[in-house]
Amino acid sequence: KLVALFAPEHGLFGERSAGVTSNQTGEYEGVPVYSLYGVNRKPSQAMLNNLDALVFDIQDIGVRPYTYLSTMILAMEAAALKEIPFYVLDRPNPIGGERVEGNIIEADLKSFVGQVPIPYIHGMTLGELAQMAVGEHWFVGAKKLDLTVIGMRGWKRRMNWSDTKLPWVAPSPNIPHPENAIGAALLGATGELGFLSIGIGTEKPFLRVGSTLTDARFIDSVARIVFPKEIKIAQENFTITTATTAKMYDAISLTLPADPSTIVNLYQRQFKLLRELLKDSLLLSAFRRIPSSNLVMFEKVTGTHSLLEHLKSGKSLDALFAKWRRESSAFAAKSRKYRLYS
């Protein structure tokens, strides 16, 4: 019998915009609904009264900062404390289960967009990460949690979303299609800086790069150096309208290949793009004026202080990327025993 519902960042139906908190409680067809993206980031013990079990059934997108993972970890902690079983109804990773890229979070940057020590692209399902969180004691009470993962039938790590033959239901407004999840891995961290648009607020979120300070030809010329030939690039402009402003951006749009696994080094390419774009004096000036709040969020999302330091100083990113590869390789080896799928 369903006796309570818990809503993550984007609300019960995945329709609320990113970062919009809610402390409201309500009902859905007579069942109480509790927000887990407001004052409460995990279920309180009072919310769990009269529950025999807590069930997690939410679609992830395969990147560390997507907050549904953090919500799951905190809900597991609450269930352990309440001593009730926790079930994960597993779902496919739209980026696939073979790609692992990026650094492990630096200890002082743990946050709601980086709750556990995993790479930016983790290559795991949430069911597998739940098992790893218990096995590696990533949360208080992990040893005593009664965890059950209801696994998928037929899913293979090499699969793209199209291979699953499943319909896509947008888990949040900016992931309307599976390719936007790939785009979130490709450009998502850059968007936190705020001086470039990555298409948020348009019909192609995470699949555009635009600026009000330079022209599309320059962005295009840089992108063709940085992005592989598998990604098709087209010059364009677009307008983002808010309640108070309408800004037009000179931009490029990206069309991903049918098989995104052919894109090598998906995550780090955006930082190579940033490095090259910052050779433009107007963009460099804008970068130097980025508000501290954006810089803090950029570091939380990327999970490292070093990247911003390298971008500010103009140092080569090669040594940093090599360090990330070592960290992601170590994670891939460590996580293998928690895999549920071949």
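Guide: A crossing is called left-handed if the near helix is turned anticlockwise from the far one by less than a right angle, and right-handed if it is turned clockwise. The model shown here is predicted.

Visitor: Is the crossing of helix 5 and helix 6 left-handed or right-handed?

Guide: Helix 5 covers residues 216–226 and helix 6 covers residues 269–277. Their axes lie 9 Å apart. By the definition just given, the crossing of helix 5 and helix 6 is right-handed.

Visitor: Which word describes how helix 5 and helix 6 lie to each other?

Guide: The two helices pack at an angle of about 135 degrees. Angles of 65 to 115 degrees count as roughly perpendicular and those over 145 as roughly antiparallel. The angle between helix 5 and helix 6 falls in neither class, nor is it under 35 degrees, so the pair is oblique.

Visitor: At roughly what angle do the axes of helix 1 and helix 2 cross?

Guide: Helix 1 is formed by residues 68–82, and its axis comes within 11 Å of that of helix 2. The angle makes helix 1 oblique to helix 2. Helix 1 passes helix 2 in a right-handed crossing, and the axes cross at roughly 45 degrees.

Visitor: How many residues apart in sequence are the parts that Glu 128 and Arg 157 tie together?

Guide: The side chains of Glu 128 and Arg 157 meet in a salt bridge, at 2.7 Å from N to O. Glu 128 lies in helix 2 (residues 126–135), while Arg 157 lies in the loop between strand 6 (147–150) and helix 3 (161–164). The salt bridge therefore joins parts whose separation in sequence is 29 residues.

Visitor: How many salt bridges does a search of the whole structure find?

Guide: The contact between Glu 128 and Arg 157 is a salt bridge. For the whole structure, the search gives a total of twelve.

Visitor: Which strands are the edge strands of the open sheet with the order 7-9-8?

Guide: This sheet has three strands, and its pairing is antiparallel. The twist from one strand to the next averages 30 degrees. An edge strand here pairs on one side only, and this holds for strand 7 (208–211) and strand 8 (232–241).

Visitor: Over how many bridges do strand 8 and strand 9 pair?

Guide: Strand 8 and strand 9 form a hairpin, with four residues between them. Ile 240 stands opposite Lys 247 in strand 9. The two strands pair in the antiparallel sense, and their bridges number ten.

Visitor: Which residue in strand 9 stands opposite Arg 208?

Guide: Strand 7 pairs with strand 9 (residues 246–255) in the antiparallel sense over four bridges. Gly 210 has Ala 251 in strand 9 as its bridge partner. The residue opposite Arg 208 is Ser 253.

Visitor: Which residue in strand 3 is the bridge partner of Phe 6?

Guide: Another open sheet of three strands has the order 1-3-2, with mixed pairing. Its edge strands are strand 1 (5–7) and strand 2 (26–28), and its twist averages 40 degrees from one strand to the next. Strand 1 and strand 3 (residues 31–35) run parallel and are joined by three bridges. The bridge partner of Phe 6 is Tyr 34.

Visitor: What is the area of the nonpolar surface patch that includes Val 55?

Guide: Val 55 is found in strand 4, residues 54–56. The patch is made by Val 55 together with Tyr 87, Leu 89 and Ile 150. Its area is about 310 Å².

Notes
Residues are numbered from 1 along each chain as its sequence is written. This is a predicted model: local features need pLDDT of at least 70, side-chain atom pairs count only at pLDDT 80 or more; totals for chains, interfaces and linings use all residues. Side-chain values use heavy atoms; hydrogens and water are left out. Patches are made of residues with over 30% relative accessible area and no salt bridge: like charges are joined within 9 Å, nonpolar side chains (Val, Leu, Ile, Met, Phe, Trp, Tyr) within 5 Å. Accessible areas come from the Shrake-Rupley method with a 1.4 Å probe; for residues, only the protein chains shown count as cover. A salt bridge is a side-chain nitrogen of Lys or Arg within 4 Å of a carboxyl oxygen of Asp or Glu. Two strands pair if DSSP finds at least two bridges between them. Axes are lines fitted to C-alpha atoms, for helices over the stretch in contact, and angles run from 0 to 180 degrees between N-to-C directions.
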